[in-house]
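Please look through the sequence and the structure below before reading on. The briefing that follows goes from the whole chain to one strand and then to single residues.

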Amino acid sequence: MEAVILLLLLIGIAIFLICALVKGAKTVSNPNNSERLIICKHEVGLPIPAKSLCKITFKDCDITITSGNHKFNLSHDKITDISSTTDKEIQEHYVSSVGGAVGGAILFGPLGAIVGGRSKKKKSSKLINYFTISYKDEDELKYISFEYTPSFNSISVIKEFNKTKGSEVVNL
């Protein structure tokens, strides 16, 4: 019995750790150098599938994006902007209540089951954060976007970049 409880506890911890790694972005900072790492999911802008797990390494002179066996380097002087945006996703779905149908049937018969089991409309919303890198490629403005979970390091990367980079006028 104790072995089963221990096994279930270990499985629960393993599932929690895997979900925490895959769910959002993590940032790692090394105090000995100026390298920072953000782990997030790719959305658009690179020739890899959407939702691919990516490691973005920020160094003084460039950004390296690694996903699986793909590696992309972006020079700091080509980057025009690094920003964070949010999007609110609202979903509506219908749920029916089996408990309401059973309770209605017990109290009021078949008509009570129909009324108690009817479907109800529920709304749920989810806030999605995007990390976007805009850059110039042969005088064309392009961008790469990632889904991530904001943290102190990721926000400080954006602030540091915006301090060092001045504003630029693009003629359209």
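How many of the nine residues of strand β2 are buried? In this predicted model, strand β2 spans residues 36–44 and is mostly covered, since seven of its nine residues are buried. The points below first set out the chain as a whole, and then return to this strand and its partners.

**The chain as a whole**

- The protein chain holds four helices and eight strands, and read from the N terminus on, these elements follow the order α-β-β-β-β-β-β-α-α-β-β-α.
- Of the 172 residues in the protein chain, 27% are buried.
- Among the contacts in the protein chain with a separation of 6 or more, 50% are made by residues that stand 24 or more positions apart.
- The protein chain exposes about 12,000 Å², and 60% of that area is supplied by carbon and sulfur atoms.

**Strand β2 and its partners**

- Strand β2 pairs with strand β3, which covers residues 53–58, in the antiparallel sense and over six bridges; within this pairing, Ile 38 stands opposite Ile 56 of β3.
- Strand β2 is also joined to strand β8, made of residues 140–148, by three bridges, and these two strands run antiparallel as well.
- In the pairing with β8, the bridge partner of His 42 is Phe 146.

**Glu 43, a residue of strand β2**

- Is Glu 43, which is found in strand β2, buried or exposed? Glu 43 has a relative accessible area of 18%, and because buried means under 20%, Glu 43 counts as buried.
- The side chain of Glu 43 is joined to the side chain of Lys 51 by a polar contact of 2.8 Å.
- When residues up to four places away in sequence are not counted, Glu 43 touches Ala 50, Lys 51, Tyr 130, Ser 145, Phe 146 and Glu 147; one of these, Phe 146, is also the bridge partner of His 42 in β8.

**Helix α1 and a nonpolar surface patch**

- Val 4, Leu 7, Leu 8, Ile 11 and Ile 15 together make a nonpolar surface patch of about 470 Å².
- Ile 15, one of the residues of this patch, lies in helix α1, which runs over residues 2–23.
- Why does Ile 15 count as partly exposed? Its relative accessibility is 49%, and because exposed means over 50% and buried means under 20%, Ile 15 falls in the class in between, partly exposed.

Notes: Residues are numbered from 1 along each chain as its sequence is written. This is a predicted model: local features need pLDDT of at least 70, side-chain atom pairs count only at pLDDT 80 or more; totals for chains, interfaces and linings use all residues. Side-chain values use heavy atoms; hydrogens and water are left out. Buried means under 20% relative accessible area, exposed over 50%, partly exposed in between (1.4 Å probe, protein chains only). Contact means heavy atoms within 4.5 Å. Accessible areas come from the Shrake-Rupley method with a 1.4 Å probe; for residues, only the protein chains shown count as cover. Two strands pair if DSSP finds at least two bridges between them. Patches are made of residues with over 30% relative accessible area and no salt bridge: like charges are joined within 9 Å, nonpolar side chains (Val, Leu, Ile, Met, Phe, Trp, Tyr) within 5 Å. A salt bridge is a side-chain nitrogen of Lys or Arg within 4 Å of a carboxyl oxygen of Asp or Glu. A polar contact is a pair of N or O atoms within 3.5 Å; within protein, one must be able to donate a hydrogen and the other to accept it, and residues adjacent in sequence count only if both atoms are side-chain atoms.
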